[in-house]
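Could you walk me through this model in the viewer, one selection at a time? I would like to know what to pick next and what is there.

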Amino acid sequence: MKSGPDIAMVAALVGDPARANILTALLSGKALTASELAQEAGVTPQTASSHLSKLEAGGLIEPEKQGRHRYYRLADPDIADVLEGLAGLAARTGHMRVRTGPKEPALRRARVCYDHLAGDLGVQMLDSMTKQKLLRHRKLEITLTTEGERFLNKQLQISPEMLAHPRRPICKACLDWSERRHHLAGTLGAALMQRFTELKWAARDAAPGSRVVNFTRNGEKHFTRLFGSAER
């Protein structure tokens with residue numbers, strides 16, 4: 001037996017269609033109940049409970065009790081990055097679902113990847129910040145520049161202190177499944193998405209498991225002012 005991480009075990013947990021649907025629903029960043037996740041997975045509550053137990057034992061999700069309800073969320077932001085990367089690989093190799101929902105265009109335009117902005121606007125934002133020299137982007141390595149720190153503080157009131165985290169990098173490249181290019185993850189990606197929400201420039205779709213992000217007309221105007229047009 002070879003030593004090292006057991007990729008097969010993680011792959012087996014993610015590889016089941018129902019569990020994959022559960023994990024995809026949790027990419028919204030919201031904590032969902034077992035009933036909501038059963039509906040997302042298209043299985044009975046009893047079957048969902050079995051899948052949730054396996055995912056929890058495997059360290060991919062964690063429960064949170066609130067009153068009489070038990071909610072589930074992804075155990076770590078890194079899991080979201082891996083899932084988004086797998087979705088990108090599936091799209092690139094032609095493994096797509098036959099049916100597309102009515103929100104498919106909105107999902108491709110702007111969505112959350114756990115806690116940061118993904119989709120066309122997420123990729124656009126990373127491109128723009130790189131061109132403005134707010135970030136240095138070389139392959140998978142992204143760093144925040146001094147000019148970037150000044151920009152964030154002045155334009156969005158995001159200070160360097162707000163980005164510090166003991167286990168999470170400030171900037172991280174996350175492969176976008178629909179654009180097949182990178183968007184910005186890490187504490188900076190999360191802080192930007194949170195700020196857009198606080199300023200009421202954007203809001204997540206309220207439906208359970210939805211990842212769609214809707215920008216208001218005013219929000220899109222400000223986003224374009226800071227990060228340019230969506231047309232590339």
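## A hairpin to begin with

Welcome aboard! Select Cys 174 first: His 183 in β9 stands opposite Cys 174. Please keep in mind throughout that this is a predicted model.

Now widen the selection to both strands. β8 covers residues 172-175 and β9 covers residues 182-185, and the two pair in the antiparallel sense over 4 bridges. Between the strands of this hairpin there are 6 residues, and Arg 180 takes a positive phi near 60° there.

Click on Arg 180 itself. Arg 180 sits in the loop between β8 and β9, and its positive phi of about 60° occurs although Arg 180 is not a glycine. For background, most residues other than glycine have a negative phi. Is Arg 180 buried, partly exposed or exposed? With a relative accessible area of 47%, Arg 180 is partly exposed; the cut-off for exposed is over 50%.

## Another positive phi

Go on to Lys 200, in the loop between α10 (186-198) and β10 (202-204). Lys 200 is not a glycine either, yet has a positive phi of about 60°. Its relative accessible area is 64%, so Lys 200 counts as exposed.

## A hairpin with 2 residues between its strands

Next, select residues 135-138, which are strand β6, together with residues 141-144, which are strand β7. These strands pair in the antiparallel sense, over 4 bridges. If you show the side chains, look for Leu 135: its bridge partner in β7 is Leu 144.

Which residue takes a positive phi in the hairpin of β6 and β7? Choose Lys 139, which has a positive phi near 55° in this hairpin with 2 residues between the strands.

## The open sheet

Colour β1, β2 and β3 next. These 3 strands form an open sheet in the order β1-β3-β2, with antiparallel pairing. The edges are held by β1 (32-33) and β2 (61-66), each with a single partner strand, so one side of each has no neighbour in the sheet.

Zoom in on β1 and on strand β3, residues 69-74: the two pair in the antiparallel sense over 2 bridges. Within this pairing, select Leu 32 and you will find Tyr 72 of β3 opposite. While you have side chains on display, a general point may help: in a regular strand the side chains alternate between the two faces of the sheet.

## A buried arginine

Time for a helix. Select residues 17-26, helix α2, and pick out Arg 19 within that helix. Is Arg 19 buried or exposed? Buried means under 20% relative accessible area, and Arg 19 is buried because its value is 9%.

Show what surrounds this side chain. Apart from neighbours within four places in sequence, Arg 19 is in contact with Ala 12, Leu 13, His 51, Lys 54 and Leu 55. Draw a distance from Arg 19 to His 51: the two are 32 residues apart in sequence and 6.2 Å apart in space, C-alpha to C-alpha.

## Two more stops

Jump to Val 212, in the loop between β10 and β11 (213-215). Val 212 counts as buried because its relative accessibility is 3%. Add Cys 113 to the selection: its C-alpha atom and that of Val 212 are separated by 9.7 Å, with their positions 99 residues apart along the chain.

Then try Asn 153 in helix α8, residues 146-156. Asn 153 is partly exposed, at a relative accessible area of 42%. Not counting residues up to four places away in sequence, Asn 153 touches Ile 158 and Ser 159. Draw one more distance, to Asp 120: the C-alpha atoms of Asn 153 and Asp 120 are separated by 25 Å, and the residues are 33 apart along the chain.

## Zooming out

Finally, clear the selection and take in the whole chain. How many helices and strands are there? The secondary structure comes to 11 helices and 11 strands. The radius of gyration is 18 Å, close to the 17 Å that the globule rule gives for 232 residues, so the chain is as compact as a globular protein of that length. Along the principal axes, the C-alpha atoms fill a box of roughly 50 × 45 × 40 Å.

Colour by accessibility, and note that buried residues make up 44% of the 232 residues. With the surface switched on, the accessible area comes to about 13000 Å², and carbon and sulfur atoms account for 54% of that. For contacts between residues at least 6 apart in sequence, 61% join residues at least 24 apart. Last, colour by charge: the mean positions of the 35 positive and 25 negative charges are 3 Å apart.

Notes:
Residues are numbered from 1 along each chain as its sequence is written. This is a predicted model: local features need pLDDT of at least 70, side-chain atom pairs count only at pLDDT 80 or more; totals for chains, interfaces and linings use all residues. Side-chain values use heavy atoms; hydrogens and water are left out. Buried means under 20% relative accessible area, exposed over 50%, partly exposed in between (1.4 Å probe, protein chains only). Contact means heavy atoms within 4.5 Å. The radius of gyration is taken over C-alpha atoms; the globule rule is 2.2 Å times the number of residues to the power 0.38. Accessible areas come from the Shrake-Rupley method with a 1.4 Å probe; for residues, only the protein chains shown count as cover. Lys and Arg count as positive and Asp and Glu as negative; His and the chain ends are not counted. The place of a charge is taken as NZ of Lys, CZ of Arg, CG of Asp or CD of Glu. Two strands pair if DSSP finds at least two bridges between them.
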